[in-house]
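Trainee: I would like a close look at a single part of this structure. Please take it step by step.

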Amino acid sequence: MSMRKRPSGTSQPPPCPWEVLVLVATHLDPKNLALSSCVSKSWSVSMSSDHLWEPIVSTHFPSLSSLHRSPSPSVAVPFRRLYTLGRASADRRLRKPPKPTLCLGNLVFSVSVHDGSSRVFTAVKPVSELGFDPNYGVFRFDIDIDMCGGDSVVVDGLRVTWNVVLEGYKGVFTMMDCCKGKGGFVVGSDGWFTEELPPPGGCCSGGGGTGSGLVADLRLRLRGVEGGGGGKVVVEKVGVGMMNVMCWRYSSVDDALRYLQHFLMPSDM
């Protein structure tokens, strides 16, 4: 089939008026508005107008609208550029962090309980041997302590130390160092110990700075000594975990491993 030729002398159809483009553009969403700007130079100018993008930025990213005026009064940041920045930032927030290189099977917990200046006992356990419920997926573990016939301890003098060791003793991170208990202890309940954890990267949180938002949490299950006096007890169980102070919930296993990875495997960060 032969194609019909335009009669000689007939001019090309006029381009779509700028006003019509803008009228159509007001009904487009950001994605189609950006795609339309790729049609031609004239469309790019029309579809990039601040008149079109200002209400979009005000709707989706209202906090960025004030950035339209840059520090230099003579230069204005296009609203289309502000939308691009806001969209990229929002996408990064939704992006899941990478899985940690470290895994629970790489870790060994060492927990020591001190009575005054004397060490009562030290429990060294691979994390793979500890009680852990994968259905909850939180960094919280129980260590059973066999102190039957062992030394009793005085409640008010207890201090605890908790170290996390990388298998093969390739690294160690102190979660809790001779920490004193919080509040008073009641026999038959849990003694509670907490210590704020440092932020990754070695930043100091002293002097009013911001910490990691994480705390090491350790609980001792205490049992009274039959016929014993002076507030003496024995330790039946130790529970350890990592908590987020923003919500006072235990951190997820992946979040805790990503944190510990900074200190135990710094060369991989």
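Trainee: Does Y259 count as buried or exposed, and at what relative accessibility? Please describe the part around this residue as well.

Mentor: The model is a predicted one. Y259 has 4% relative accessibility; the cut-off for buried is under 20%, so Y259 counts as buried. The residue lies in helix 6, which spans residues 253-264 and packs on a sheet.

That sheet is open and has four strands in the order 2-1-5-6, with antiparallel pairing. Its edges are strand 2 (118-126) and strand 6 (171-180), each of which pairs on one side only. From one strand to the next, the twist averages 15°. Helix 6 touches strand 1, strand 5 and strand 6, and its direction makes about 105° with that of strand 6.

Two of the strands touched by helix 6, strand 1 and strand 5, pair with each other. Strand 1 covers residues 107-115 and strand 5 residues 158-166; their antiparallel pairing runs over nine bridges. In one of these strands, strand 5, V165 is the bridge partner of V108.

Back to the ring of Y259. The structure holds nine aromatic pairs. In the pair of F173 and Y259, the ring centres are 5.9 Å apart and the planes stand at 75°; over 60 counts as edge-to-face, so this pair is edge-to-face. F173 belongs to strand 6 and Y259 to helix 6, so the pair ties together parts that are 86 residues apart in sequence. F173 counts as buried too, because its relative accessibility is 8%.

Elsewhere, F109, F139, F141 and W162 form one aromatic cluster.

Definitions and conventions:
Residues numbered from 1 in each chain as written. Predicted model: local features only at pLDDT ≥ 70, side-chain atom pairs only at ≥ 80, totals over all residues. Heavy atoms only, no water. Pairing = 2+ DSSP bridges. Axes fitted to C-alpha atoms, helices over the stretch in contact; angles between N-to-C directions. Contact = heavy atoms within 4.5 Å. Phe/Tyr/Trp six-rings, centres within 6.5 Å; stacked < 30°, edge-to-face > 60°. Buried < 20%, exposed > 50% of the residue type's maximum accessible area, 1.4 Å probe, protein only.
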